[in-house]
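Work through these exercises with the model open. Try each task before reading its solution.

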Amino acid sequence: MSDLSQIIKAYDVRGTVPDQFNETVARAIGTAFVEMLRESGDEPDQIVIGHDMRESGPALAAAFARGANSAGVAVINIGLASTDQLYYASGALSLPGAMFTASHNPAQYNGIKLCRSGARPVGQDSGLAIVRQRAQQLLSDLNAEADGPSRVEQRNLLADYAAHLRSLVDLSGIRPLKVIVDAGNGMGGYTVPAVLGDQVLPALPLTIEPLFFELDGSFPNHEANPLDPKNLVDLQKAVREQGADIGLAFDGDADRCFVVDEKGDPVSPSAITALVAARELAKFPGSTIIHNLITSAAVPEIITENGGKPVRSRVGHSFIKAEMAATNAVFGGEHSAHYYFRDFWFADTGMLAAMHVLAAFGGQDLPLSEFAAEYERYAASGEINSTVADAAAKIAEVRAAFPDARVDDLDGMTFQLGDGAWFNLRASNTEPLLRLNVEAPDADRMAKLRDAVLAIVRG
């Protein structure tokens, strides 16, 4: 019997198929999800489900649907979908949802991202622990309820999703742009033609050059994880060789989007956060913008300069979404290229962020490298992981080595050093890793500080 504590973590379900995660487990989770919703006061008549391009997705989603049916709830299955497309369905239909995806994980994985109606997240403290406990009970109960009548409606919402995004950002008047998109054989290959192409809606002034749009959950070309620089190499090469204006890379479930400029150089997610924040503040003056504590110091600076209210958050979508809901924030951004929008039910969508970038950049007569430079004010290390035996002890060593730093513990330890340099050191929730992020006014100062901290962590 599967130990669900190994696959149901803080934010979602994720495990290897079929040893950790299989149809029996998916069915139990489907029933447990409905029961959790009822116990917390929701009374759903229906839920909506979707799956990404992984081979195991349709069967796992069908098993989950059987579990939900046995608990007395009908299912709308939207079939192939990006994660933000499932969030659209949950928001537009006002239904709880389940998205079958393992995001950027390797091919042998699959998982589920759960949400309440209106795309409200379900995490460890908002129902996922209850789902795990109840599903574990169902798996151990030899007399668990048998399948009842199937009540599953197939519905394709791709065109509705595309139309909704087009309604939020007008790209019709921008200058013509050549855009190379690396979908990494993930769901961007399904959604980009609908949203940015002319598959279902009128053509935009964009020439889309596709890279790896074939849906293939075995990821034959590279991992669908643009956060790892090696997975951007194909896109960078194509942008340079084809003389493109911009490159976009989506992760496996297409809820994150990374940007490279005309030189093939990455534009940091912090710069994208600041750029989109400025656009949203022009539309909603004085609004609150959420940024996690790993984003560049330029982000709160630019938010303030544009009349907004920056609010700093812990890393992770559940914290960002909770903070956004509490403050009615118009937008939120993370260093990992997750971008959250009030007009998208406070959910994250890489596609909408990409559209904002295209609209802003396409309204200027500058190469992207020059246009993005105003949002890139400092030198950053990016996230550096180190394997350690005792994370707390290493953090204590680093603390002792910087006695004059101003330190806060909102998420791990953030050290402010007084000259504009800072770093954050935090432990992984799931692996024996310490994650280091460093920023400084210039590259030399950043490198020296980075190396000094790593010498302690790895020494």
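Ala 244 is a place to start: it touches Lys 178, Ile 180, Val 239 and Glu 262, leaving aside residues up to four places away in sequence. Ser 82 has its own set of partners, Met 99, Tyr 161, Met 187, Thr 191, Asp 253 and Ala 254, with residues up to four places away in sequence again left out. Keep in mind that this is a predicted model.

**Exercise 1. Overall build**

Task: Find how many helices and strands the protein has, and judge its radius of gyration against the globule rule.

Solution:
- Step 1. The protein holds 14 helices and 23 strands.
- Step 2. Its radius of gyration is 22 Å, and the globule rule gives 23 Å for 459 residues. The two values are close, so the protein is as compact as a globular protein of that length.
- Step 3. Along the principal axes, the C-alpha atoms fill a box of roughly 65 × 55 × 45 Å.
- Step 4. Turn to contacts between residues at least 6 apart in sequence: 69% of them join residues at least 24 apart.

**Exercise 2. Surface and charge**

Task: State what percentage of the 459 residues is buried, then describe the surface and the charged side chains.

Solution:
- Step 1. Buried residues account for 57% of the 459.
- Step 2. The accessible surface is about 17700 Å². Carbon and sulfur atoms hold 49% of that surface.
- Step 3. Count the charges: 38 side chains are positive and 59 are negative. The centres of the two sets lie 3 Å apart.

**Exercise 3. The annotated spans**

Task: Locate the spans that UniProt annotates as a domain, and describe residues 160–264 and 272–378.

Solution:
- Step 1. An unreviewed UniProt entry places "domain: Alpha-D-phosphohexomutase alpha/beta/alpha" at residues 6–132, 160–264 and 272–378.
- Step 2. Residues 160–264 are 26% helix and 20% strand. The end C-alpha atoms of this span lie 33 Å apart.
- Step 3. Residues 272–378 are 47% helix and 17% strand. Here the end C-alpha atoms lie 14 Å apart.

**Exercise 4. The loop between β9 and α7**

Task: Place Leu 215, Phe 219, Asp 228 and Pro 229, and classify each as buried, partly exposed or exposed.

Solution:
- Step 1. Fix the loop ends: β9 covers 206–211 and α7 covers 233–242, with Pro 229 in the loop between them. Leu 215, Phe 219 and Asp 228 also lie between β9 and α7.
- Step 2. Apply the cut-offs: buried is under 20% relative accessible area, and exposed is over 50%.
- Step 3. Phe 219, at 10%, is buried. Leu 215, at 33%, is partly exposed. Asp 228, at 23%, is partly exposed. Pro 229, at 57%, is exposed.
- Step 4. List the partners of Leu 215. Among them are Met 53, Leu 80, Asn 185 and Tyr 190.
- Step 5. Check C-alpha distances. Pro 229 and Pro 266 are 37 residues apart in sequence and 9.0 Å apart in space. Leu 215 and Ala 353 are 138 residues apart in sequence and 22 Å apart in space. For Asp 228 and Met 355, the separations are 127 residues and 23 Å.

**Exercise 5. Two buried loop residues**

Task: Are Ser 82 and Ala 244 buried or exposed, and where does each sit?

Solution:
- Step 1. Ser 82 sits in the loop between β3 (74–80) and α3 (83–93). Its relative accessible area is 0%, so Ser 82 is buried.
- Step 2. Ala 244 sits in the loop between α7 and β10 (246–250). At 4%, Ala 244 is buried as well.
- Step 3. Ala 244 and Val 179 are 65 residues apart along the chain, yet their C-alpha atoms are separated by 5.9 Å.

**Exercise 6. Backbone exceptions**

Task: Which peptide bond is cis, and what phi do Phe 219 and Ala 337 have?

Solution:
- Step 1. Recall the background: most residues other than glycine have a negative phi, and most peptide bonds are trans.
- Step 2. The bond from Val 17 to Pro 18 is cis, with omega near 5 degrees. Pro 18 lies in the loop between β1 (13–16) and α1 (23–39).
- Step 3. Phe 219 is not a glycine, yet its phi is positive, about 50 degrees.
- Step 4. Ala 337 is not a glycine either, and its phi is about 75 degrees. Ala 337 falls in the loop between β15 (331–333) and β16 (339–341), and at 0% relative accessibility it counts as buried.

Technical notes
Residues are numbered from 1 along each chain as its sequence is written. This is a predicted model: local features need pLDDT of at least 70, side-chain atom pairs count only at pLDDT 80 or more; totals for chains, interfaces and linings use all residues. Side-chain values use heavy atoms; hydrogens and water are left out. Helices (H or I, at least four residues) and strands (E, at least two) are DSSP runs, numbered from the N terminus. The radius of gyration is taken over C-alpha atoms; the globule rule is 2.2 Å times the number of residues to the power 0.38. Buried means under 20% relative accessible area, exposed over 50%, partly exposed in between (1.4 Å probe, protein chains only). Contact means heavy atoms within 4.5 Å. Accessible areas come from the Shrake-Rupley method with a 1.4 Å probe; for residues, only the protein chains shown count as cover. Lys and Arg count as positive and Asp and Glu as negative; His and the chain ends are not counted. The place of a charge is taken as NZ of Lys, CZ of Arg, CG of Asp or CD of Glu. UniProt positions are given in the numbering used here, feature names are shortened, and annotations may be inferred rather than shown by experiment.
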